[in-house]
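Take a walk through this predicted model. Two topics come up along the way: a pocket and a sheet.

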Amino acid sequence: MHSSRKGPDRRSDVLVVGGGIIGLVTAWRAAERGLDTVLADPAPGGGAAQVAAGMLAPVTELHYGEEALLGLGLASAERYPRFAAELARASGGLDIGYRACGTLAVALDSDDRLHLRELHALQRRCGLESEWLTGRECRRLEPMLAPGVRGGLRVDGDHQVDPRRLAAALLAACDNAGVTVHRAAAEQLLTTADRATGALLDDGTELRADQVVLAAGSLSGRLAGVPAAVLPPVRPVKGQVLRLTVPPAHAPFLSRTVRAVVRGSHVYLVPRANGELVIGATSEELGWDTTVTAGGVYELLRDAHELVPGITELPLTETRAGLRPGSPDNAPLLGPTDLPGLHLATGHYRNGVLLTPLTGEVLAELLVTGELPAIARPFSPRRFSAARQESYA
Ligand SMILES: Cc1cc2nc3c(=O)[nH]c(=O)nc-3n(C[C@H](O)[C@H](O)[C@H](O)COP(=O)(O)OP(=O)(O)OC[C@H]3O[C@@H](n4cnc5c(N)ncnc54)[C@H](O)[C@@H]3O)c2cc1C
């Protein structure tokens, strides 16, 4: 299936537009399966993964009405240990910081406790493992928790990975698998009357391919040349995040991810093995703005401090904002569009790190066989084009 022409204007089997973790995993898995694969991104390995906390938390992130997404998340979480090992081999030994540490979701007041009790009931209805703990039991597990913690849910199956290391390992794996990476942005999708045929880059290169995967994160809905009917309805959802450092003398500060809903906002603390402590995250609908604001930092520190007062002792090493690629139903868009040759891998919103292994697998299967695996079919982009046509009717 390899094409013989080389050079910037050659034709490949697959062109992936966007080299965040989703585009990179798609390109790597496609190349591994023997497809001649080219990827275009002005800053491959960048994107939201540079900001994300890296929680692999389908159980604690469960929301009403998102049971289908839960199935996808659980399937991807289950693949992580093997995926991490395969990626370590394929990247020449890079470790992605996969840590099977579990998660503790706690309540600070009676409203929070009610919210957690409801979450617990929903988790049990879905057959998920989670255990209700008293405040004292929570503090026994995590002694740095505030004395006021009123109870919590222990979820031993929700883990973490370091998204920056994941992006670096995927980039190396792409390189080793023979993916050609063009450091330029796609300016326009190239089409003939009835199919996608490649992209024109902003450095003037024309890349032709039999199949194109659009994986440009929150910018996926803005590529010129994509017919309006198949343009993905993704939008940026801003998240601000802080990074603190736990000095060796304070370790272990926390042994697992700790999270809570404080006055209606979600806050989490994710402790890495290397001493990094990630505190996140705001959720703001402000377009493509990535300014770190005093208000955002204040709210995160205030809420995290209520949960774990000892954070004020730690060095604050980084503040940053990133953009989650949000979709209308918070679930990803995976698979073929109504324009033959154009596939989507986008809209992963707050679960892109979790869904990386599964996305790579199902997209590669689609690219090789033309069939989207059954597990991904509920997430076909066509669920939105059908809705759009109905609303025009
Ligand atoms: C604050 C925050 C916390 C998060 N926490 C978690 C978490 O704990 N767990 C979890 O699972 N997920 C989390 N996420 C979500 C996760 O980070 C994203 O879903 C995921 O990184 C999206 O990856 P992507 O590759 O689809 O998009 P992006 O990371 O946005 O990458 C898109 C890439 O496309 C490129 N691009 C854009 N336009 C073009 C173009 N025209 N041509 C070529 N290239 C282009 C960009 O340069 C970029 O590299 C978090 C996100 C944020 C912001």
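Start with the second largest pocket. Its volume is about 300 Å³. The lining of this pocket counts 18 residues. Nearest the centre lie Val59, Asp156, Gly157, Asp158 and His159.

Which elements give two or more residues to this lining? They are helix 2, spanning 67-90, and strand 6, spanning 151-155. Helix 2 supplies the largest share, with 4 residues.

Next, the chemistry of the pocket wall. Of the lining residues, 9 are nonpolar. Another 6 are charged, and 3 are polar.

Strand 6 also leads to the sheet. There, 8 strands are arranged in the order 5-6-4-13-14-15-12-16. The sheet is open, and its pairing is mixed. Strands in a sheet are held in pairs by backbone hydrogen bonds, in a parallel or an antiparallel sense.

Now look at the two ends of that order. Why is one side of strand 5 and of strand 16 left without a neighbour in the sheet? Strand 5 (131-134) and strand 16 (316-326) are at the edges, and each has a single partner strand, so one side of each has no neighbour there. From one strand to the next, the twist averages 25 degrees.

Finish at the strand 16 edge. Here strand 16 pairs with strand 12, which covers residues 235-245. The two run in the antiparallel sense, and the pairing extends over 10 bridges. For a residue-level view, find arginine 243: opposite this arginine stands glutamate 318 in strand 16.

Key:
Residues numbered from 1 in each chain as written. Predicted model: local features only at pLDDT ≥ 70, side-chain atom pairs only at ≥ 80, totals over all residues. Heavy atoms only, no water. 1 Å grid on protein atoms, 1.4 Å probe; cavity = no way out; pocket = protein on both sides within 12 Å on 5 of 7 lines; lining within 4 Å. Points joined across faces, edges and corners; volume = space filled by probe spheres on them. Nonpolar A, V, L, I, M, F, W, Y, C, P; charged D, E, K, R; others polar. Pairing = 2+ DSSP bridges. Axes fitted to C-alpha atoms, helices over the stretch in contact; angles between N-to-C directions.
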